[in-house]
Structures are given as C-alpha cells and as structure tokens.
Amino acid sequence: MNRKMQSLLSLCQRAGKMVTGEDTVEINIKNGNGLLVIIAGDASENTKNKFVNKCKYYNVPYFICCTKEELSSCIGKYNRSVYAVTDKNFAEKLNEIIAEDRLELSNI
C-alpha cells in the first residue's frame with residue numbers, strides 16, 4: 001500500500017466517511033451509501049466472495065488489496081476485513097490512486 005492511500009484512508013476515517021465491519025458495510029452497500037468497498041486480501045474466501053458478489057449485484061466498485069493488519073492500522077480499528085467509503089470525493093480519489101498503482105505495476 002502506498003503512502004497516499006494510507007493517508008487518504010486515515011483522513012476518510014477521521015472525517016467519518018468510512019464504515020467498517022461486515023454487517024455495517026453490507027447495510028451501506030444495500031442502501032446505496034457504500035460508494036467504494038475495500039476488501040482485505042487475507043480475508044476469508046467466504047468473505048471475499050460474499051462482498052464481491054454484493055458489489056457486483058449493487059454495481060458498487062470494489063478492490064481487494066493489502067492485509068487486514070495494514071488496512072486496520074491506517075484507520076485505528078483492528079481486525080477489520082471489509083471497508084466502505086461513503087463519500088463521493090473520497091471514493092473518486094481512492095479510485096484514482098488505485099488506478100495509478102495498477103498502471104505503475106503493469107509497466108514494471
């Protein structure tokens with residue numbers, strides 16, 4: 001995870017524009033408040049499949065990255081596997097950062 005993403009996730013949490021935990025994220029996806037879902041790479045296969053399918057069904061962008069520990073340390077809440085960004089601007093900026101990272105990795 002790059003420094004920009006860590007900072008943005010931390011800021012998003014402090015601004016109250018992120019929800020964490022399976023139940024809360026699922027509710028936010030269903031009611032349209034979850035604008036971007038982040039799933040830890042070391043989450044269980046069941047959790048990954050559940051949220052990938054939910055995101056596809058409700059047409060919510062998602063990505064799988066990092067570990068639970070890395071993501072949790074950014075926001076100060078531990079042992080979380082799933083995160084949802086509830087603010088349009090934060091979601092757009094995170095998508096930009098993710099796209100930049102993937103482009104850099106594909107050019108290596």
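The largest nonpolar core of this predicted model comprises 21 residues, of which Leu9, Ile38, Leu71, Val85 and Leu94 touch the most other members. Two or more residues of this core come from each of helix H1 (3-14), strand S2 (36-40), strand S3 (62-65), helix H4 (68-75), strand S4 (82-85) and helix H5 (88-106). The greatest contribution is that of H5, which supplies five residues.

The surroundings of Leu71 were examined individually. When residues up to four places away in sequence are not counted, Leu71 is in contact with Met1, Leu9, Ile38, Ala40, Cys65, Cys66 and Tyr83. A second core, separate from the one described above, is made up of 12 residues, among them Val25, Ile29, Ala43 and Cys55.

The strands form an open, four-stranded sheet in the order S1-S4-S2-S3, and the pairing within the sheet is mixed. The edge positions are taken by strand S1 (18-20) and by S3; each has a single partner strand, so one side of each lacks a neighbour in the sheet. From one strand to the next, the twist averages 20°.

The pairing between S2 and S4 is antiparallel and extends over four bridges. Leu36 lies opposite Val85 of S4, and Val85 is also one of the residues that touch the most other members of the largest core. Helix H1 packs on the sheet and touches S1, S2, S3 and S4. The direction of H1 makes an angle of about 90° with that of S1.

Note on methods
Residues are numbered from 1 along each chain as its sequence is written. This is a predicted model: local features need pLDDT of at least 70, side-chain atom pairs count only at pLDDT 80 or more; totals for chains, interfaces and linings use all residues. Side-chain values use heavy atoms; hydrogens and water are left out. A nonpolar core is a set of buried Ala, Val, Leu, Ile, Met, Phe, Trp, Tyr and Cys residues joined through side-chain atoms within 4.5 Å. Buried means under 20% relative accessible area, exposed over 50%, partly exposed in between (1.4 Å probe, protein chains only). Contact means heavy atoms within 4.5 Å. Two strands pair if DSSP finds at least two bridges between them. Axes are lines fitted to C-alpha atoms, for helices over the stretch in contact, and angles run from 0 to 180 degrees between N-to-C directions.
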